[in-house]
Amino acid sequence: MIRCIIIDDEPLALQQMEGYIKKISYMELVAACQSAIDAKEVLENNKIDAMFCDINLPELNGLDFVKSLDNPPMVVFTTAYSEYAVEGFQLDAVDYLLKPFGFDEMKRASDKIKKRHDALRTLQEVSQIDEDDAIFLKTEYKIVRINISHIRYVEAMSEYLRIYLIDYPRPIIVLLSMKKMEERLPSRSFMRVHRSYIINLKLIHEISKNRISLGDEVEIPIGDSYREQFNNYINSKFLTK
């Protein structure tokens, strides 16, 4: 379940959103607050995954409230004023709901929360791997042993895979699907960033536009379907002021 709170100084708006959340199976409403001050107390005493936050609040507005939090949960801003949208998304808001909105809009925003929540949970799974953990693969009529930590990246090539290693001059070519390889590699260290590529996250050198550099002029494209999950990973590691 995704534990959430709603913040709005209008009792009717709170009541409406409470009703919407009760219809969404994966959402659990922890509290309905009429001010940022009340919401802060809830956040300090409960594990909260997401919040639906009005911007025009008494004492402390929603934007300043989110800025004041050291580790804010996922946020969906709700307001009657569209001019706040840009600043809202600059705070990495999951979505921005313009009042008046109905259940469909609330459900779409909640689906976005769930998608990001599931991606973050996958990335945060603790999967301790022994340094000697290895896989055995058949290639060129022989079986080779590969240390998982030595895999630099994997490239799909029709029904075959090219496995590039840190300590081997040429790729190992095996008859295997990307799905099988993705399932076998630990999600803590490896991620599929394109339908044709899995990379070792520990070997990222830099990110520029839609490409990931692994050093030595190796650049991997980021696929549209995998961009959000990759961005969530980067955001979880991002160091700010």
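Contact means heavy atoms within 4.5 Å. The model is predicted: local features need pLDDT of at least 70, side-chain atom pairs count only at pLDDT 80 or more, and totals for chains, interfaces and linings use all residues. Residues are numbered from 1 along each chain as its sequence is written, and side-chain values use heavy atoms, with hydrogens and water left out.

**Exercise 1.** Determine what percentage of contacts in the chain between residues at least 6 apart in sequence join residues at least 24 apart.

*Solution.* Take the contacts between residues at least 6 apart in sequence; 49% of these join residues at least 24 apart.

**Exercise 2.** Describe the open sheet formed by five strands.

*Solution.* Strands (E, at least two residues) are DSSP runs, numbered from the N terminus, as are helices (H or I, at least four). Two strands pair if DSSP finds at least two bridges between them. Step one: the order is β2-β1-β3-β4-β5, with parallel pairing. Step two: β2 (27-33) and β5 (95-98) are the edge strands, each pairing on one side only. Step three: β4 (residues 74-79) pairs with β5 in the parallel sense over four bridges, and Thr79 stands opposite Leu98 in β5.

**Exercise 3.** Assess the overall form of the chain, which has seven helices and 15 strands.

*Solution.* The radius of gyration is taken over C-alpha atoms, and the globule rule is 2.2 Å times the number of residues to the power 0.38. For 241 residues this rule gives 18 Å; the chain's radius of gyration is 22 Å, well over that value, so the chain is more spread out than a compact globule. Along the principal axes, the C-alpha atoms fill a box of roughly 70 × 35 × 30 Å.
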